[in-house]
Amino acid sequence: MISTTTKTAAVTLKAVESERMRVDGSDAKYGDWRDDLAKDGYAVIKGAIPKERADKYADQMYSWLEGFNLGFDRNDLATVHKDRLPHITEKGMCLHYAVTHEDFAWAIRGESGVVGAFEKVYNTKDLIVSFDAINFTLPRSDIPENKPWPHQDQDPAKPGFRCLQGLVNLLPNGPDDGGLIVCPGGHLLSDEFHHDMADEERIPAWTPEWYGFTENGMKWLEEKGLEWVKVCADPGDLLVWDSRTPHYNLSSTTNQPRFAAYTCYMPVADATQEDLLRKKEAFDKWVGTTHWPNARHTGSNIAKREGEEDPHNRTEPVNKPVMDERTFRLTGIPYIKEST
């Protein structure tokens, strides 16, 4: 594994085009998926990862679940139960057990077709990546129902295009297989929405960078003619969306599992040295972050069951990542300046 020392030379930022996307209706036509992103606030990049590698990552994810030796068997749906799995939320999220730093997680983040999409949006190769959750959505009835939670991942007090979220889909994901639900065009009406709804009491959230849509908010979107769309995807497809775009996820109504890796990148120029140091600490401790690549919030590897620490908690990956230079730069560590 590449060393995490901070004593590395400062990296020169290099633009790959003239400017980053604005995603405000004024972007030029690109003739590719970026036009969908600009217009709808989301896009699907088909085959960002070749299917054979996507299948390999899905296999590794299944093996990771089975590796707890709690009785889960990918070939027997009867073994899908909270007592036979690590802690996974009703929304399919897994953030503990150092899973965000497993070799498959970092291999996915380093895929050229994934990183390259964000390079095109931000017009720079100098990016950092989030240590975000892995999604293991399995057909189950042993945990609370995953109720719709329509939201934006952006503070209304900080408008404009600030963050492009993403996920890499790793199993077939059709219209009834659960997954990402988006409200196309909602990003372009975000400022108007928050102006009109300024007096609406907000749904409580642990961070101001999350805004939940109330019944009145949902009615406002409907009256503007906006509709909700289920995004379908094949293994290896990359789904991206503007953080202002209303979205949520749903569980499957079929027996098809859903596996995905959340991937979000931002220009390192948008992060402070304090951000990068905090990010390095998270990397060194093998803990995850939210989708914000500047490690705005960091997590832990202490999952709980029934209020007690899970005896199966892990403080480091089972299979530690082996990174090439390009992928290691995504940690942000090479951009940390030496103290003088």
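This is a chat about ring pairs, nonpolar cores and strand pairing in a predicted model.

Me: What are the ground rules for this model?
Reply: The model is predicted, so local features need pLDDT of at least 70 and side-chain atom pairs count only at pLDDT 80 or more, while totals for chains, interfaces and linings use all residues. Residues are numbered from 1 along each chain as its sequence is written, and side-chain values use heavy atoms, with hydrogens and water left out.

Me: OK, how many aromatic pairs are there?
Reply: The count comes to 18 aromatic pairs, where rings of Phe, Tyr and Trp (its six-membered ring) pair if their centres lie within 6.5 Å, and planes under 30 degrees apart count as stacked, over 60 as edge-to-face and the rest as tilted. One of them joins phenylalanine 283 and tryptophan 286, and because the ring centres are 5.7 Å apart with the planes at 45°, this pair is tilted.

Me: Are those two buried or exposed?
Reply: Both phenylalanine 283 and tryptophan 286 are buried, a word that means under 20% relative accessible area, with exposed being over 50% and partly exposed in between (1.4 Å probe, protein chains only).

Me: And why is the pair of phenylalanine 283 and phenylalanine 328 edge-to-face?
Reply: Their planes stand at 70°, with the ring centres 6.4 Å apart, so the pair is edge-to-face. Phenylalanine 283 lies in helix α7 (residues 273-284) and phenylalanine 328 in helix α8 (residues 325-329), so the pair ties together parts that are 45 residues apart in sequence; helices (H or I, at least four residues) and strands (E, at least two) are DSSP runs, numbered from the N terminus.

Me: Switching to the core, which residues have the most contacts inside the largest one?
Reply: That nonpolar core has 58 residues, and those with the most contacts inside it include Trp64, Phe136, Leu238 and Phe259. Its largest share, 7 residues, comes from helix α2 (residues 51-66). A nonpolar core here is a set of buried Ala, Val, Leu, Ile, Met, Phe, Trp, Tyr and Cys residues joined through side-chain atoms within 4.5 Å.

Me: Which aromatic cluster does Trp64 belong to?
Reply: Trp64 forms one aromatic cluster with Tyr62, Phe68, Tyr97, Phe136 and Phe259.

Me: Last thing, what does strand β7 pair with?
Reply: Strand β7 (residues 179-182) is joined by 4 bridges to strand β11 (residues 247-250), running antiparallel, and by 2 bridges to strand β9 (residues 229-230), also antiparallel. Two strands pair if DSSP finds at least two bridges between them. Valine 182 stands opposite histidine 247 in β11, whereas isoleucine 181 has lysine 230 as its bridge partner in β9.
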